Amino acid sequence: VGPKLFQYVLKVLVQSVQLLYTLLRMDRPSYILLQQNPPGLPSIAVAWAAGLFWGSKLIIDWHNYGYTIMSLSHGRNHPLVLVAKWYEKLFGRLSDYNLCVTDAMRKDLWVNFKIKAVTLYDKPASYFKETPLDLQHNLFMKLAKDYEPFKPRAGSPSAQGSAFTERDGKSGNVVKTRGRPALLVSSTSWTEDEDFSVLLRALEDYERFITEGAKLPALVCVITGKGPLKDYYNALIQKLHFKHIQICTPWLEAEDYPLLLGSADLGVCLHKSSSGLDLPMKVVDMFGCCLPVCAIHFECLHELVKHEENGLIFRDSKELAEQLKMLFLEFPSLEGKLHSFRENLRVSRQLRWDESWDQIVLPLLGARN
């Protein structure tokens, strides 16, 4: 009830009381880790106050800046945005330790906030890995119950099959369906920092390539997640009339999301950092599943996506469409860049989250006790 500014202030005050009450009821901690900022309003100030009460060290894990995200909807000079920037700068300096997700952010924290931070790159959890064929089949059969793109193609003789896999009637083994479509996956929170019209325009070009005679597979595009702009983009999707492309926007169970990434042929990332200083976690998870990625360009993306090595970087829908055409030409051949990107990801063997933490954060804390 009341003006939006009043609602916002009231929400912050209520959350502050709730969070402080919760923190002061716990056993005295040696450290309070704020993972992750943003959102930092009111959590940075409340965590600092609780640390002052307990005599605990405050660690802030910087993934982005809250004020830059607010600026997407309010503009950079809006009073709320300016207050949020002042707040993050003031209370960020009061922390004892700081972690950040890119070297670019580490430098920016020092130059603009005079905050010293250590770069701790996001790493995939251990359950993000390539999905065995049997588990792929189980997932596809489960999704086929609710989503048309996963159902077997018209005229398929197998009742034990999906659009992508089927169980051999004699051996009982799962095999890839002959003439299967390519599976493209993206994930999103459907917010302003991801413009999915870029992908939709690229898919229109992809459909045209097939119509003009290019030897490209049919395409199933799965966009997972939920958020404020999902209805808006679903309305745009419904206006598209593709013959060779199917799009669905499911909300997956937590355990199914890694299985889907580990079963896909290509990932697409449309995350554009509001600050230009953070990296998309979805790509980290995709790489954990050895899934090659096409990602939209922004300043520090090169710290994660190595162009022509583990994926491709594009700047607009035309460039993305050409990349899709090049990667899926003669699909599902085990030759070409799509396969070589996957092999490079297999060989690179990324550190996992717990290994990265042990190597970077534990020595930092141990050295300063």
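## A buried tryptophan and other backbone features

With a relative accessibility of 1%, W190 counts as buried. This residue belongs to the loop between strand 7 (182-187) and helix 7 (197-211). Although W190 is not a glycine, its phi is positive, at about 50°. The structure described here is a predicted model.

K114 also has a positive phi, of about 55°, and is not a glycine. It is placed in the loop between helix 5 (103-113) and strand 4 (118-119). At 49% relative accessibility, K114 counts as partly exposed, because the exposed class begins only over 50%.

Two cis peptide bonds may be described next. One joins L41 and P42, with omega at about 15°, and P42 lies in the loop between strand 1 (31-37) and helix 2. Another runs from F331 to P332, with omega near 5°; P332 is part of the loop between helix 11 and helix 12.

## Aromatic rings

The whole structure contains 20 aromatic pairs. In one of them, the ring centres of F150 and F164 are 5.8 Å apart and the planes meet at 55°, so the pair is tilted. F150 and F164 both sit in the loop between helix 6 (133-144) and strand 5 (165-167), and 14 residues separate them along the chain. F150 is buried, at 1% relative accessibility, and F164 is buried with a relative accessible area of 2%.

How are the rings of F328 and F331 arranged, and what angle lies between their planes? They form an edge-to-face pair, with 5.7 Å from centre to centre and 85° between the planes. F328 is buried, at a relative accessible area of 0%. F331 has a relative accessible area of 17%, and it counts as buried because this value is under 20%. F331 is also the residue from which the cis bond to P332 runs.

Elsewhere, ring pairs connect W62, Y65, Y67 and F113 into a cluster. Charged side chains also lie over ring faces. K116 is positioned over the face of W110, 5.7 Å from the ring centre, and K325 is over the face of F209, at 4.6 Å from the ring centre.

## Cysteines without disulfides

How many disulfides does the structure hold? The number is zero. For C289, the closest cysteine sulfur is that of C290, at 7.7 Å, which is too far for a bond. A disulfide would need the two sulfur atoms to be within 2.5 Å. C289 is buried, with a relative accessible area of 0%.

C300 gives a further example. Its sulfur is 10 Å from the closest cysteine sulfur, in C100, and this too is too far for a bond. C300 counts as buried, at 2% relative accessibility.

## The second largest pocket

The second largest pocket encloses about 510 Å³ of space. It is lined by 25 residues, of which R180, D265, L334, H339 and R342 are the closest to its centre. Helix 11 (317-328) and helix 12 (337-348) are the elements that give two or more residues to this lining. Helix 12 supplies the largest share, with five residues. By class, the lining consists of nine nonpolar, seven polar and nine charged residues.

H339, one of the residues closest to the pocket centre, is found in helix 12. Is H339 buried, partly exposed or exposed? Its relative accessible area is 26%, so it is partly exposed. The C-alpha atoms of H339 and D265 are separated by 9.3 Å, with the two residues 74 apart along the chain.

## The enclosed cavity

There is one cavity of 30 Å³ or more in the structure. The volume of the largest cavity is about 40 Å³. Its lining is formed by Q136, F140, F164, K176, R180, L183, S263 and D265, and these divide into three nonpolar, two polar and three charged residues. R180 and D265 are also among the residues closest to the centre of the second largest pocket, and F164 also takes part in the tilted pair with F150.

## An exposed phenylalanine

F53 lies in helix 2 (residues 43-54). At 56% relative accessibility, F53 counts as exposed. The C-alpha atoms of F53 and T177 are 62 Å apart, and 124 residues separate the two along the chain.

Conventions:
Residues are numbered from 1 along each chain as its sequence is written. This is a predicted model: local features need pLDDT of at least 70, side-chain atom pairs count only at pLDDT 80 or more; totals for chains, interfaces and linings use all residues. Side-chain values use heavy atoms; hydrogens and water are left out. On a 1 Å grid over the protein atoms alone, a cavity is a set of points where a 1.4 Å probe fits but cannot get out, and a pocket is an open set with protein on both sides within 12 Å along at least five of seven lines; lining residues have an atom within 4 Å of a point. Grid points are joined across faces, edges and corners, and a volume is the space filled by probe spheres set on the points. Helices (H or I, at least four residues) and strands (E, at least two) are DSSP runs, numbered from the N terminus. Ala, Val, Leu, Ile, Met, Phe, Trp, Tyr, Cys and Pro count as nonpolar, Asp, Glu, Lys and Arg as charged, and the others, Gly among them, as polar. Rings of Phe, Tyr and Trp (its six-membered ring) pair if their centres lie within 6.5 Å; planes under 30 degrees apart count as stacked, over 60 as edge-to-face and the rest as tilted. Buried means under 20% relative accessible area, exposed over 50%, partly exposed in between (1.4 Å probe, protein chains only). A charge sits over a ring if NZ of Lys or CZ of Arg is within 6 Å of the ring centre and within 35 degrees of the ring normal.
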